[in-house]
Amino acid sequence: MTRSVFRFLSRQAELPELVGERHLLRLARYRDFEAWHVLRRDSRAFLQPWEPTWRTDELTERAFRQRVLRNEQEFHSGMAVPLFLFERETDTLLGGLTIGLIRRGASQACMIGYWMGEKHAGKGHMFAALQLAIPYIFGPLELHRIEAACIPDNVNSVNLLEKAGFEREGLLREYLKINGEWRDHVLFSKIAPARGRNGKAGS
């Protein structure tokens, strides 16, 4: 276990940037505050039914700066990789995807979560983000299992995970307190492809 953690940290000295043809995933920076503030503010009614209750200072610059610092600490400690999703051509903030609850040892697993600004939803952006994140999780992070949980009636999220190759495993009863209520969640997972003797993923 110790060897695995140190190997992970030694490779992660630089902050990650996952680059696709049209999209970019990277950690938040202080200069992202205005774009984040506007996107979250304008998407509040759209996002709130699927998220924990927002704090009274949720959208303040101070809270955002604390978030940026915490995200970098979590990344460098190997606990999480909280990423913002951008459209490369316009540098527009679209949403976020977090690789969290990273477990090493015998587990080698993580839990992903994501959010999308209302005006960017339903356009394939988060599916593209998953296509960048999944190889990173199974590759550089060397994890074996990705988990995701969503509220059963969040049809868009269910469809997204199934399209990305996640398999439904079961029901987590009153798993998270969402929008002030303990809600059941459906658990999905995706397992790393089998690897051959040379360490490369097999068919």
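This dialogue works through the strands, burial and aromatic contacts of one predicted model.

User: What should I know about the model before reading it?
Analyst: It is a predicted model, in which local features need pLDDT of at least 70 and side-chain atom pairs count only at pLDDT 80 or more, while totals for chains, interfaces and linings use all residues. Residues are numbered from 1 along each chain as its sequence is written, and side-chain values use heavy atoms, with hydrogens and water left out.

User: How many helices and strands does the chain have, and in which pattern?
Analyst: Helices (H or I, at least four residues) and strands (E, at least two) are DSSP runs, numbered from the N terminus. Here there are six helices and eight strands. Along the sequence they follow the pattern α-β-β-α-α-α-β-β-β-α-β-α-β-β.

User: In what order do the strands form the sheet?
Analyst: Two strands pair if DSSP finds at least two bridges between them. In this chain, eight strands make an open sheet with mixed pairing, ordered β1-β2-β3-β4-β5-β6-β8-β7. β1 (17–19) and β7 (167–178) are the edge strands, each pairing on one side only. From one strand to the next, the twist averages 25°.

User: Which helix packs on the sheet, and what does it touch?
Analyst: Contact means heavy atoms within 4.5 Å. Axes are lines fitted to C-alpha atoms, for helices over the stretch in contact, and angles run from 0 to 180 degrees between N-to-C directions. Helix α5 (residues 125–138) packs on the sheet and touches β1, β2, β3 (81–87), β4 (92–103), β5 (109–116), β6 (145–150) and β8 (181–191). The direction of α5 makes about 35° with that of β4.

User: What is the pairing at the two edge strands?
Analyst: β1 pairs with β2 (residues 23–26) in the antiparallel sense over three bridges, and Leu 18 stands opposite Leu 25 in β2. β7 and β8 are also paired in the antiparallel sense, over eight bridges, with Ile 178 opposite Glu 181 in β8. Two residues lie between the strands of the β7 and β8 hairpin, where Asn 179 takes a positive phi near 50°.

User: How is burial read, and what does the chain expose?
Analyst: Buried means under 20% relative accessible area, exposed over 50%, and partly exposed in between (1.4 Å probe, protein chains only). Of the 203 residues, 44% count as buried. The chain exposes about 11,400 Å², of which carbon and sulfur atoms supply 51%; such areas come from the Shrake-Rupley method with a 1.4 Å probe, and for residues only the protein chains shown count as cover.

User: How many aromatic pairs are there?
Analyst: Rings of Phe, Tyr and Trp (its six-membered ring) pair if their centres lie within 6.5 Å; planes under 30 degrees apart count as stacked, over 60 as edge-to-face and the rest as tilted. A search of the whole structure gives five aromatic pairs. In one of them, Trp 36 and Phe 64 have ring centres 4.9 Å apart and planes at 40°, so the pair is tilted. That pair links helix α2 (residues 33–42) to helix α4 (residues 61–76), 28 residues apart. Phe 64 and Phe 84 also form a tilted pair, with centres 6.3 Å apart and planes at 35°. Phe 84 lies in strand β3.

User: Are these rings buried or exposed?
Analyst: Trp 36 and Phe 64 are buried, Phe 64 at 0% relative accessibility. Phe 84 is buried, at 6%. Phe 33, Trp 36, Phe 64, Phe 84 and Phe 86 make up one aromatic cluster.

User: Where do charges lie over rings?
Analyst: A charge sits over a ring if NZ of Lys or CZ of Arg is within 6 Å of the ring centre and within 35 degrees of the ring normal. Arg 40 lies over the face of Trp 115, 4.7 Å from the ring centre, and Lys 163 over that of Phe 127, at 4.5 Å.
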